[in-house]
Amino acid sequence: MESKKRLDINLDKDGIVSLYGIGDENLRLIEKEFKVGIVGQNDKVLIRGEKEQLDNAEKVLRSLKEHIQKEGRVISKFFIRQVIDNVKKNEKEPTKINMENNEDLISLVVSSKREQIRPKTRNQNLYIKKIFDNQIVFAIGPAGTGKTYLAVAAGLYFLREKKVERIVLVRPVVEAGEKLGFLPGDVKQKIDPYLRPLFDAIFDMIDPRIFQELVENEIIEIAPLAYMRGRTLNKAFIILDEAQNTTIDQMKMFLTRLGNDSKAVITGDITQIDLSPGKKSGLIHAQEIFREIDGLATVNFTSEDVARAQIVKKILEAYEKYDKQE
């Protein structure tokens, strides 16, 4: 049996625009998720539908209203989907970034799937701080130190908080060389295998369904490094993974793609370079020439920062010891 309910929004004009969205797109999104009808007129909202779904839609609207009253800003579709998922799971609304008193430890809340993402070492905490404070951050160190994982967490946080409009995932395709075009499928399918570490991190933080929708709506973009040439990226969070496999020219090309209100995080392990003999890594070159530039920072990780199984840390330490003996 269909029920109906009328809500008083009690927000100013800007608040109503934030809640309803352009062309009522936010209301349409909630309608679709709960299979209800929603009509917003000035500061009144009428909801029609089955009682349980109607109640859920009301919870979402009230939660979004409270968020706007507290934060006083536009809400993103990504954030709305998180609130919807929380209501479906009968959970509380996710909170914004939280600075704890324990040495200013930064905790990121990026979705309903993960309560908080916390750095586990001082370097990891410094890494997140550098991302917040700089436009370009280089993260250099061995595998398992959280370089990629924390970059993804920061990107999702910036997207959720409407600080950027999209995330761009980039990686050089060294193994395929010039033969990338001969691989089956579209660009996304060609590059997918090389971006799997990024996907693993994303799927640990948000539901695959949400990720797929973000990709389809080009809010998350997947691109091989070669496809970045000639572009200017505004209001984007760009992650260049495995940057040790870029040439000097490729690194220069990538760094000059940044537009207004964008951030770039470049991660890599300079002990695992797959470039042809004689080619210098663009990451090593960047490390040498970028010393004191405002808005650019470098974080160097060591085996002490490894967040994987303890045996990985021991393996890395053994290799380091061997290299020093050589």
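The following exercises, each with a worked solution, concern a predicted model.

**Exercise 1. An aromatic pair across the chain**

Task: Classify the ring pair of Y127 and F301 from its geometry, and state which parts of the chain the pair links.

Solution.
- Step 1. A pair of aromatic rings is described by the distance of the centres and the angle of the planes.
- Step 2. For Y127 and F301 the centres are 5.3 Å apart and the planes make an angle of 85°. Centres within 6.5 Å make a pair, and planes over 60 degrees apart make it edge-to-face, so Y127 and F301 are an edge-to-face pair.
- Step 3. Y127 belongs to helix α5 (residues 122–133), and F301 to the loop between β11 (296–300) and α12 (310–325). With these positions 174 residues apart, the pair links distant parts of the chain.
- Step 4. Y127 has a relative accessible area of 0% and F301 one of 5%. Buried means under 20%, so Y127 is buried, and F301 is buried too.
- Step 5. The model holds nine aromatic pairs in total.

**Exercise 2. A second pair and its cluster**

Task: Decide whether the pair of F132 and Y157 is stacked, tilted or edge-to-face, and find the cluster that contains F132 and Y157.

Solution.
- Step 1. The ring centres of F132 and Y157 lie 5.6 Å apart, with 45° between the planes. Under 30 degrees would be stacked and over 60 edge-to-face, so this pair is tilted.
- Step 2. F132 sits in helix α5 and Y157 in helix α6 (residues 147–160), so the pair ties together parts 25 residues apart in sequence.
- Step 3. F132 is partly exposed, at 27% relative accessible area, whereas Y157 is buried, at 3%.
- Step 4. F132 and Y157 form one aromatic cluster together with F158 and F237.

**Exercise 3. The nonpolar cores**

Task: Describe the largest nonpolar core, find the element that gives the most to it, and list the contacts of Y127.

Solution.
- Step 1. The largest nonpolar core contains 39 residues. Y127, L169, I206 and F237 have the most contacts inside it.
- Step 2. Two or more residues of this core come from each of α5, β6 (136–140), α6, β7 (166–171), α8 (196–203), α9 (208–216), β8 (220–224) and β9 (236–240).
- Step 3. The most is given by α6, with nine residues.
- Step 4. Leaving out residues up to four places away in sequence, Y127 touches V137, A139, G146, K147, L150, A151, V265, T267, V299 and F301.
- Step 5. Another core, of 26 residues, lies apart from the largest nonpolar core. Its members include Y20, V36, V60 and I80.

**Exercise 4. Packing of α1 and α2**

Task: Describe how the axes of helix α1 and helix α2 are placed, and which residues make the contact.

Solution.
- Step 1. Two packed helices are described by the angle between their axes and the distance between the axes.
- Step 2. The axes of α1 (residues 13–20) and α2 (residues 25–34) come within 5 Å and cross at roughly 40°.
- Step 3. An angle under 35 degrees would count as roughly parallel, and 65 to 115 as roughly perpendicular. The helices α1 and α2 are therefore oblique to each other.
- Step 4. S18, L19 and Y20 of α1 meet E25, N26 and L27 of α2.

**Exercise 5. Two residues with positive phi**

Task: For N42 and E242, give phi, the place in the chain and the degree of exposure.

Solution.
- Step 1. Most residues other than glycine have a negative phi.
- Step 2. N42, not a glycine, has a positive phi of about 55°. N42 is in the loop between β2 (37–41) and β3 (44–50).
- Step 3. The relative accessibility of N42 is 61%, so N42 counts as exposed.
- Step 4. E242 also has a positive phi, near 55°, and is in the loop between β9 and α10 (248–255). At 23% relative accessible area, E242 is partly exposed.

**Exercise 6. The surroundings of L54**

Task: Is L54 buried or exposed, and which residues does L54 contact?

Solution.
- Step 1. L54 is placed in helix α3 (residues 51–71).
- Step 2. Its relative accessible area is 2%, so L54 is buried.
- Step 3. Apart from neighbours within four places in sequence, L54 is in contact with S3, K4, K5, V36, I47, R48 and G49.
- Step 4. For V36, which is 18 residues from L54 along the chain, the C-alpha separation is 6.5 Å.

Terms used: Residues numbered from 1 in each chain as written. Predicted model: local features only at pLDDT ≥ 70, side-chain atom pairs only at ≥ 80, totals over all residues. Heavy atoms only, no water. Phe/Tyr/Trp six-rings, centres within 6.5 Å; stacked < 30°, edge-to-face > 60°. Helix = DSSP H or I, 4+ residues; strand = E, 2+ residues; numbered from the N terminus. Buried < 20%, exposed > 50% of the residue type's maximum accessible area, 1.4 Å probe, protein only. Core = buried A, V, L, I, M, F, W, Y, C linked by side-chain atoms within 4.5 Å. Contact = heavy atoms within 4.5 Å. Axes fitted to C-alpha atoms, helices over the stretch in contact; angles between N-to-C directions. Parallel < 35°, antiparallel > 145°, perpendicular 65-115°, else oblique.
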